[in-house]
Amino acid sequence: MSTNSEFTVSDSTSQEPREWCLYGSVEDGQNFQEVQINRSGFRIGRRFGCDLRLMWPTVSGLHAEFIMGPDDQLVLRDLNSTNGTFVNGERITGEVLLDEDDIVQLGASEFRVLIRNDSVSQIEETKDFSFLPSQLMALEDLINGTGLVPHYQPVIKLADRSVIGYEVLARSYSPELSTAQQMFRLAEKLGLSDALSTACRTAGLHHAQNLPESQILFLNTHPSELMQEELLDSLEVLRNAVPDQVLMLEIHEAAVTDLAAMAVVQARLDDLQISLAYDDFGSGQARILDLIEVPPEILKFDISLIRDIHQSSHKHITMVQTLVSMVRDFGISPLAEGIEKDAEAEICREIGFELAQGYHFGRPKSEIPAS
């Protein structure tokens, strides 16, 4: 960023015209995209008719505009916005000259400034523009535990619909990293998935104030940490913190690739008195014969097998029922995930599911109801 608002005319006249664009997320939860600044006077704000509408409440109706200066220079002007326009973390007054890779913040939106031209068909692959500074700060807060707001979704027994426990789901108040998918997408790119996963379990246990010790607290894992010694070390810390709480560790069934190593993990979990559940069974190849070599206490059937099962073909229902029967024969409790309708719940109960969870029984909440 150049803090001098005077435009400097370059002596070069042979260069290709520079095409400026912004790179970032326009809406909460939306993937990053390029927004071309295609004219001088390109306006940003919430008002209808702006070249780029940002519907954050912290963005003014007419918030800021981009102006093309001499020699294709790009100038940013604040339009007396209520909450200000920031470049590289500093609030601007009037207008400033921008440089490539400057970070522009307007309300909760943040963009990197890029230059495109006819010889460049896409962003250089050697550069990683998939995250921005504010996201890095938010991720640091999440890993430190200060930015996490764990949510809890009930797991019920289908026979009488009583609650047997709660699954911890990762959430935060950060608008750019509010869901687990957004958090871990960034953490994976930075090699911090294991640290974030540990932080989510720790926060989930810490905030589970109203959970009776006899009910199960379901804790999730990230596939990358499954065979890491740090996973078991972190679980030992949690067990020591709550020696009497019933705990269950959820592992994605697709992550169970080394049965011998998984048997070692299960033995350590037994020592810690932590039960095992396999998650998302059936989302890919249903490797039931592999999984029973290291049997879990609970096997969660993926939502893809359960959604609208009351309207599914007889063949589909029979297939699921057969899998459920096999699981129960091995002493494993089958759980139906993602139930949203009573009719789904009834079919699942009829074909042998013992447990279930989904919006029909309760949406994730930041607090566990007092028993």
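Before you start clicking, one term: a residue is buried when its relative accessible area is under 20%, exposed when that figure is over 50%, and partly exposed in between, using a 1.4 Å probe and protein chains only. What you have open is a predicted model, in which local features need pLDDT of at least 70 and side-chain atom pairs count only at pLDDT 80 or more, while totals for chains, interfaces and linings use all residues. Residues are numbered from 1 along each chain as its sequence is written, and side-chain values use heavy atoms, with hydrogens and water left out.

**Stop one: two cysteines.** Select Cys21, which counts as buried because its relative accessibility is 3%. Then jump to Cys348, also buried, at 0%. Looking for disulfides (cysteine sulfur pairs within 2.5 Å)? A search of the whole structure finds zero.

**Stop two: helix H8.** Now pick residues 314-329. Helices here are DSSP runs of H or I with at least four residues, strands are runs of E with at least two, and both are numbered from the N terminus. The expected span is 1.5 Å times one less than the number of residues, so the 16 residues of H8 should cover 22 Å, and the end C-alpha atoms are indeed 22 Å apart. Colour His316, Ile317, Val320, Leu323, Val324 and Val327, which are buried. Look down the axis: these buried residues fall within an arc of 130 degrees, so they line one face of the helix. That arc is taken from the directions from the helix axis to the C-beta atoms. On the face turned away from the buried side, find the exposed His314, Lys315 and Asp329.

**Stop three: two loops with an unusual phi.** Most residues other than glycine have a negative phi. Select Asn80, in the loop between strand E6 (74-78) and strand E7 (85-87). Its phi is positive, near 55 degrees, and at 75% relative accessibility Asn80 is exposed. Next comes Arg161, in the loop between strand E12 (151-157) and E13. Arg161 has a positive phi too, about 60 degrees, but at 32% this residue is partly exposed.

**Stop four: Pro175.** Move on to the loop between E13 and H2, where Pro175 sits. Pro175 is partly exposed, with a relative accessible area of 33%. Select Ser109 as well: the two are 66 residues apart along the chain, yet their C-alpha atoms are separated by 9.2 Å.

Technical notes
Disulfide = S-S within 2.5 Å.
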